[in-house]
Amino acid sequence: MSAPGLTAVAAWDTPLLDGAVVTLEAVTERLPGWRARLEAVARSLSDTEVWSGPAATEAATALGRVSEVATEVTAALEGSLGRLEDTAREARTAQELAERALAEAAASDVVLGAGGGLVGPPLPPPRAAPDELAEQAAGAARAADTAADALRAAVRAGAAAAGSADPLAAVGVPAAGGPVDLAGLAAAAAVDGTWVRACLPVAGTSPESVADWWAELSAPERDLLTSVEPRLVGSLDGLPAWARDRANRLLLDRALSDPRAEGYATARAAADEIAAEEAAGRTVQLWTFDADEHLVALAYGDLDAAEDVALVVPGVGNGVEDLGGIGDDAQAVADAARVAAPGAAVATVAWLGYRPPANVLLPTAWGEGRAATGGQALAGDLAGLRAARAAEQVPGAPPLRTTVVAHSYGTVVVDRAAEVSGELDADALVLLGSPGMDGPASDLEAEQVFEASAPADLVTWLFDVHGGRTDDPDFGATALPADWDTMHWDYLDPDRPTLASVGEVVAGRREPG
């Protein structure tokens with residue numbers, strides 16, 4: 001049987017602590033290079049003939065002081081890192097010993113007290129032979145000894161953790177900034193000369209927790225994090241669109257700086273579309289941007305203020321080079337929604353948060369690997385949008401309505417998104433020209449599911465590659481009007497009746513039935 005102290009030690013999340021040590025080590029290793037660049041700038045200011053006088057001298061002096069502070073901080077972080085490494089090592093030892101002690105105690109049928117010692121003699125098995133009794137006594141002794149070793153290691157781990165903040169105190173970090181437990185390790189950032197805590201979310205943090213974390217940060221902290229960690233801020237589900245847009249534009253500028261880089265074409269396509277929209281006086285937000293992975297999600301309108309939001313998810317044959325065309329579809333949907341509900345605040349997204357297969361002849365178009373990756377990203381984006389809006393909800397403001405308008409292979413992405421843990425954060429789904437779905441519409445977890453399948457669209461009835469037909473009554477979706485001669489790529493054409501009905505869905509003006 002187990003003791004509370006041993007149980008707690010055995011349950012320690014030591015991988016989390018190891019990850020924190022690795023992160024701090026990476027930060028510490030980057031500081032000398034950053035300091036060297038500062039010193040080079042300071043030297044160039046001192047030597048230049050272009051800028052001289054008191055202002056230049058003051059600037060060079062200030063940069064020199066920053067370099068001195070960076071040196072002090074580096075030494076402090078190295079000292080703290082050493083103690084955290086001791087913490088991690090002792091914590092792993094304590095956990096391993098605690099697990100072994102618990103196993104030995106269970107095998108010997110003995111009780112361990114809170115301090116790891118035996119509580120009473122072991123209960124002998126009925127009609128036990130002398131050698132069995134001796135083995136049980138030896139096992140009980142081993143369990144007690146191992147438990148004592150585990151708790152001693154746990155004490156050493158706690159002492160090392162408690163002392164990890166001491167080196168930082170020398171550079172102005174208050175004692176409260178130190179870790180309070182294995183999950184309380186935090187990064188510290190200097191803002192306006194004051195040390196503040198800035199606990200960065202890690203992979204897997206829920207969008208709701210991300211939104212709560214962001215809400216607690218001050219404006220200077222947010223600005224600092226955006227400039228220092230644009231890749232993190234630009235991709236975190238749960239952050240408002242304005243913050244992601246600001247961070248992703250920093251990444252966009254970096255990607256545009258090297259025309260030879262792999263992601264330059266993606267950056268160029270995004271930059272050209274943004275420039276065209278802003279030249280026309282329209283609001284756009286770069287919600288997702290990863291040049292290396294060729295991922296872009298561009299919002300037309302203000303995602304943080306819109307009442308009705310639609311994500312347009314394209315299918316096979318669409319890439320970042322088609323961003324303008326997907327953007328035209330997104331804006332056509334927005335225009336149709338405004339016609340259906342005049343005065344409504346609408347924003348739509350050209351969502352290339354995954355890489356659609358290049359053409360129908362490739363195995364990727366017939367498989368579901370790309371859809372699974374896209375479904376994970378789509379589910380996260382929907383949850384993040386909802387969480388960010390809930391965290392900054394203005395009293396009395398209308399609730400957010402979210403619709404996913406998916407075309408072709410994009411409907412398979414929706415199917416996979418619904419399989420992600422948790423409810424899909426979409427009020428309505430529109431499936432256009434679907435190549436098939438695995439189950440009924442009720443499995444998609446949205447209150448409203450609509451579909452359009454034209455007789456002339458061979459994809460909807462000839463192949464059934466990815467499941468049953470969405471226009472089958474047993475599937476359970478509400479049919480939207482489509483001309484009989486609507487081709488696979490025509491559903492959002494302004495001359496077709498499907499577009500107006502999609503706008504009604506987005507605006508919440510079309511009832512399922």
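Here is a chat about the sheet and some of the helices in a predicted model.

Biologist: Before we dig in, what sort of model is this?
Modeller: A predicted one, where local features need pLDDT of at least 70 and side-chain atom pairs count only at pLDDT 80 or more, while totals for chains, interfaces and linings use all residues. Residues are numbered from 1 along each chain as its sequence is written, and side-chain values use heavy atoms, with hydrogens and water left out.

Biologist: OK, in what order do the strands of the open sheet go?
Modeller: The order is 3-4-6-5-7-8-9-10, so to speak a list of 8 strands, with mixed pairing. Strands here are DSSP E runs of at least two residues, helices are H or I runs of at least four, and both are numbered from the N terminus. Two strands pair if DSSP finds at least two bridges between them.

Biologist: And which are the edge strands?
Modeller: Strand 3 (284-290) and strand 10 (478-479), each pairing on one side only.

Biologist: How many bridges join strand 7 and strand 8?
Modeller: There are 5, and strand 7 (residues 401-407) pairs with strand 8 in the parallel sense. V404 sits opposite L429 in strand 8.

Biologist: Is strand 8 buried or exposed?
Modeller: 5 of the 5 residues of strand 8 (residues 428-432) are buried, so the strand is largely enclosed by the rest of the structure. Buried means under 20% relative accessible area, with a 1.4 Å probe and protein chains only. A428, V430 and L432 cover one side, and L429 and L431 the other.

Biologist: Why does T402 count as buried?
Modeller: Because its relative accessibility is 1%. T402 is in strand 7, and leaving aside neighbours within four places in sequence, its contacts include V309, L382, D425 and A428. Contact means heavy atoms within 4.5 Å.

Biologist: Switching to helices, which strands does helix 13 lie across?
Modeller: Helix 13 (residues 369-391) lies across strand 3, strand 5, strand 6 and strand 7, at about 160° to strand 7. Axes are lines fitted to C-alpha atoms, for helices over the stretch in contact, and angles run from 0 to 180 degrees between N-to-C directions.

Biologist: What about helix 7 and helix 9, how do their axes cross?
Modeller: The axes of helix 7 (residues 219-228) and helix 9 (residues 241-256) come within 9 Å and cross at roughly 30°. The two helices are therefore roughly parallel to each other, a label for angles under 35 degrees.

Biologist: Which residues meet there?
Modeller: R222, D223, T226 and S227 in helix 7 meet W242, R246, A247, L250 and R254 in helix 9.

How values were computed:
Parallel < 35°, antiparallel > 145°, perpendicular 65-115°, else oblique. Buried < 20%, exposed > 50% of the residue type's maximum accessible area, 1.4 Å probe, protein only.
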